[in-house]
Structure formats: structure tokens, C-alpha cells
Amino acid sequence: IAPGPPRLAVSAPWPNPVPRGRQFVELDLVLSAGALVRSQLYDAGGRLLRVAPPVRLESGPGRLTIPADGLVSGTYYLRVATDTGLEASRTITVLR
């Protein structure tokens, strides 16, 4: 039996909204095959604010921790991508 195409499932970020005093946001993800995972955080205007160092994750469940320190109140967009071409985006709301 041939393996299916690679898949990436990403949970909603939590906590969301990010409350005052919280320094990070977490996301659970599941990869069908190991991959190098990159995450980028954009503001509502589409400006790239942060690029996290790439992380190698094996197949199965994993977790990403995204720093939220220094972010002002507003809406942000997180893009998660793998070196195998899979992508997912999630919205993060920050309340300060």
C-alpha cells in the first residue's frame, strides 16, 4: 500500500485571545511525516514581524511555542509551513 500525501493539521492557538502578562502562544500540530517547520508572524497590515527558527519535528503530534512578548493589542496572523510544501495559517488576537 502506497503512503498518502503528506498532511499538516494545526490547532487553534491558545490562549486566544492572548491576555496581559502572557508571554507566549502555543499551537498543537500533527504531521503525517517528519519535516522542518517554520513559523512567521504578521500584523494586520501584512508586515512580517517575527520569524521563528526552523524546528525539525517528527511525524505525529507536536507543539509550537510562539513568543507574544512585546506585541500590542491587535490581530496577528501566524503562518506555519514545512519544507515539504505544507502550509497553514491561524489568527491570534492579543489583548494588553
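Buried means under 20% relative accessible area, exposed means over 50%, and partly exposed covers what falls in between. Keep that in mind for the tour; the model on your screen is a predicted one.

**Stop 1: Leu49**

Select Leu49, in strand E4 (residues 48–51). Its relative accessible area is 40%, so Leu49 counts as partly exposed. Now show what surrounds Leu49: leaving out neighbours within four places in sequence, you'll find contacts with Leu41, Tyr42, Asp43, Leu71 and Tyr76. Draw a C-alpha to C-alpha distance from Leu49 to Tyr76 and you should get 9.4 Å, although the two are 27 residues apart along the chain.

**Stop 2: strand E3 and its partners**

From Leu49, step across to E3, which pairs with E4 in the antiparallel sense over 3 bridges. To see one pairing, pick Leu41, which stands opposite Arg50 in E4. Then follow the chain round the turn: E3 and E4 make a hairpin with 4 residues between them, and Gly46 in that turn has a positive phi of about 85 degrees.

Now colour the whole of E3, residues 35–43. Of its 9 residues, 7 are buried, so the rest of the structure largely encloses this strand. E3 also runs antiparallel to strand E5 (residues 55–57), joined by 3 bridges. Leu36 is a handy place to look, with Arg56 as its bridge partner in E5.

Next, bring in strand E7 (residues 74–82), which is antiparallel to E3 and joined to it by 7 bridges. Two pairings are worth displaying. Ser39 has Val80 as its bridge partner in E7, and Tyr42 has Tyr77. With those tyrosines on screen, how many aromatic pairs does a search of the whole structure find? The count is 0.

**Stop 3: the E7–E8 hairpin**

Keep E7 and add strand E8 (residues 87–94); 8 bridges join them, and they run antiparallel. Select Thr75 and you'll see Thr93 of E8 opposite. This is another hairpin, again with 4 residues between the strands, and Gly85 in the turn has a positive phi of about 95 degrees.

While you're here, click Glu87, which sits in strand E8. Is Glu87 buried or exposed? At 53% relative accessibility, Glu87 counts as exposed. Beyond its neighbours within four places in sequence, Glu87 is in contact with Leu8, Arg79, Val80 and Ala81. For a sense of where that is, the C-alpha atoms of Glu87 and Leu57 are separated by 15 Å, with their positions 30 residues apart along the chain.

**Stop 4: the open sheet**

Hide what you have and show E1, E2 and E6. These 3 strands form an open sheet in the order E1-E2-E6, with antiparallel pairing. Strands E1 (8–10) and E6 (60–67) stand at the edges, and each has a single partner strand, so one side of each has no neighbour in the sheet. Look along the sheet and you can follow the twist, which averages 25 degrees from one strand to the next.

Zoom in on E2 (residues 24–31) and E6, an antiparallel pair over 8 bridges. Phe24 stands opposite Pro67 of E6. Stay on Phe24 and show Arg22: its charged end sits over the Phe24 ring, 4.3 Å from the centre.

**Stop 5: two cis bonds in one loop**

Move to the loop between E1 and E2, where Pro15 is placed. The peptide bond joining Trp14 and Pro15 is cis, with omega at about -5 degrees. Pro17 is found in that loop too, between E1 and E2, and the bond from Asn16 to Pro17 is cis, with omega near 15 degrees. Most peptide bonds are trans.

**Stop 6: the nonpolar core**

To finish, show the side chains of the largest nonpolar core, which has 22 residues. Which members touch the most others? They are Leu8, Leu29, Leu31, Leu64, Leu78 and Ile92. The elements that give two or more residues to this core are E1, E2, E3, E6, E7 and E8. E2 provides the largest share, 4 residues.

For a last selection, take Leu64 and display everything around it. Not counting residues up to four places away in sequence, Leu64 touches Val25, Glu26, Leu27, Leu29, Val37, Leu57 and Val80.

Key. Residues are numbered from 1 along each chain as its sequence is written. This is a predicted model: local features need pLDDT of at least 70, side-chain atom pairs count only at pLDDT 80 or more; totals for chains, interfaces and linings use all residues. Side-chain values use heavy atoms; hydrogens and water are left out. Rings of Phe, Tyr and Trp (its six-membered ring) pair if their centres lie within 6.5 Å; planes under 30 degrees apart count as stacked, over 60 as edge-to-face and the rest as tilted. A charge sits over a ring if NZ of Lys or CZ of Arg is within 6 Å of the ring centre and within 35 degrees of the ring normal. Two strands pair if DSSP finds at least two bridges between them. Axes are lines fitted to C-alpha atoms, for helices over the stretch in contact, and angles run from 0 to 180 degrees between N-to-C directions. A nonpolar core is a set of buried Ala, Val, Leu, Ile, Met, Phe, Trp, Tyr and Cys residues joined through side-chain atoms within 4.5 Å. Buried means under 20% relative accessible area, exposed over 50%, partly exposed in between (1.4 Å probe, protein chains only). Contact means heavy atoms within 4.5 Å.
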